[in-house]
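Please consider the fold presented here, beginning with its sheet and helices and ending with a loop. The account below follows the structure element by element.

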Amino acid sequence: MITEHALLEVSPGQEDAFLEAMDSAKVHIAGSPGFTSLRVERCVERPSCFLLLAEWERLEDHTEGFRGSAAYREWRTALHHFYDPFPVVEHFETVVTA
C-alpha cells in the first residue's frame, strides 16, 4: 500500500470553490485501477491549506496509471488552477504501526 501525500496551498478566497471542485472531481480518481481511498483535510491554523492523502495499491497505479489517464486530465482541469504554489506530491509506505 502506498500513500500519496500533497500539501495543497489554495489561493486565498478560493477555498469554498476548491472544496466544491474537489467534491465533484473525486469521482475521477475513485474509479482508477489500484485506487483505495482519498482523504482531504483542512489545516486549522491556515484555512487555505489542505492535505491530500490518497492510498494506492502500488506506486505505479498513481504515477503511471492515473497520471496517464483521461481521468487525470479531468482532475487536473478541475483542480490545478486553485494551487499557489503548485504542490509537491510524495509517496510513502508504512514502516511502523500501532
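A residue is called buried when its relative accessible area is under 20%, and exposed when that value is over 50%. The model discussed here is predicted, and in it the buried residues of helix α1 are Glu 15, Phe 18, Ala 21, Met 22, Ala 25 and Ile 29. An α-helix has 3.6 residues a turn, so residues three or four places apart point the same way. The buried residues of α1 pack against the strands β1 (2-9), β2 (35-42) and β3 (49-56), and also against the helices α2 (59-66) and α3.

Helix α1 itself covers residues 15-30, 16 residues in total. From its first C-alpha to its last it reaches 22 Å, close to the 22 Å expected at 1.5 Å a residue. The helix nevertheless contains a kink of about 35°, whose centre is Ser 24.

The sheet comes next. Four strands form an open sheet in the order β2-β3-β1-β4, and their pairing is antiparallel. Its edge strands are β2 and β4, each of which pairs on one side only. On average, and with direction ignored, neighbouring strands of the sheet are turned by 20° against each other. Helix α2 packs on this sheet, where it touches β1, β3 and β4, and its direction makes about 150° with that of β4. Helix α1 lies across β1, β2 and β3, and runs at about 175° to β2.

Within the sheet, β2 and β3 form a hairpin, with six residues between the two strands. Seven bridges connect them in the antiparallel sense. Two of the pairs can be named: Phe 35 has Trp 56 of β3 as its bridge partner, and Arg 42 stands opposite Phe 50, also in β3.

What does the interior hold? In soluble globular proteins, nonpolar side chains tend to be buried together. The largest nonpolar core here has 19 residues, and the members that touch the most others are Leu 8, Phe 18, Trp 75 and Leu 79. Two or more residues are given to this core by each of β1, α1, β3 and α3. Helix α1 supplies the largest share, five residues. Trp 75 also illustrates how distant parts of the sequence meet: with residues up to four places away left out, it touches Met 22, Ala 25, Lys 26, His 28, Ile 29, Leu 38, Leu 52, Phe 66 and His 80.

The loop between α3 (70-79) and β4 (89-92) completes the tour, and Asp 84 lies in it. Is Asp 84 buried or exposed? Its relative accessibility is 56%, and therefore Asp 84 counts as exposed. Asp 84 is nonetheless in contact with Glu 9 and Ser 11, when neighbours within four places in sequence are set aside. The C-alpha atom of Asp 84 is separated by 9.1 Å from that of Pro 12, a residue 72 places away along the chain. Most residues other than glycine have a negative phi, and most peptide bonds are trans. The bond that joins Asp 84 and Pro 85, by contrast, is a cis peptide bond, with omega about 5°. Pro 85 is found in the loop between α3 and β4.

Technical notes: Residues numbered from 1 in each chain as written. Predicted model: local features only at pLDDT ≥ 70, side-chain atom pairs only at ≥ 80, totals over all residues. Heavy atoms only, no water. Buried < 20%, exposed > 50% of the residue type's maximum accessible area, 1.4 Å probe, protein only. Contact = heavy atoms within 4.5 Å. Expected span 1.5 Å × (residues − 1). Bend = angle between axes of the 7 residues up to and from the residue. Pairing = 2+ DSSP bridges. Core = buried A, V, L, I, M, F, W, Y, C linked by side-chain atoms within 4.5 Å. Axes fitted to C-alpha atoms, helices over the stretch in contact; angles between N-to-C directions.
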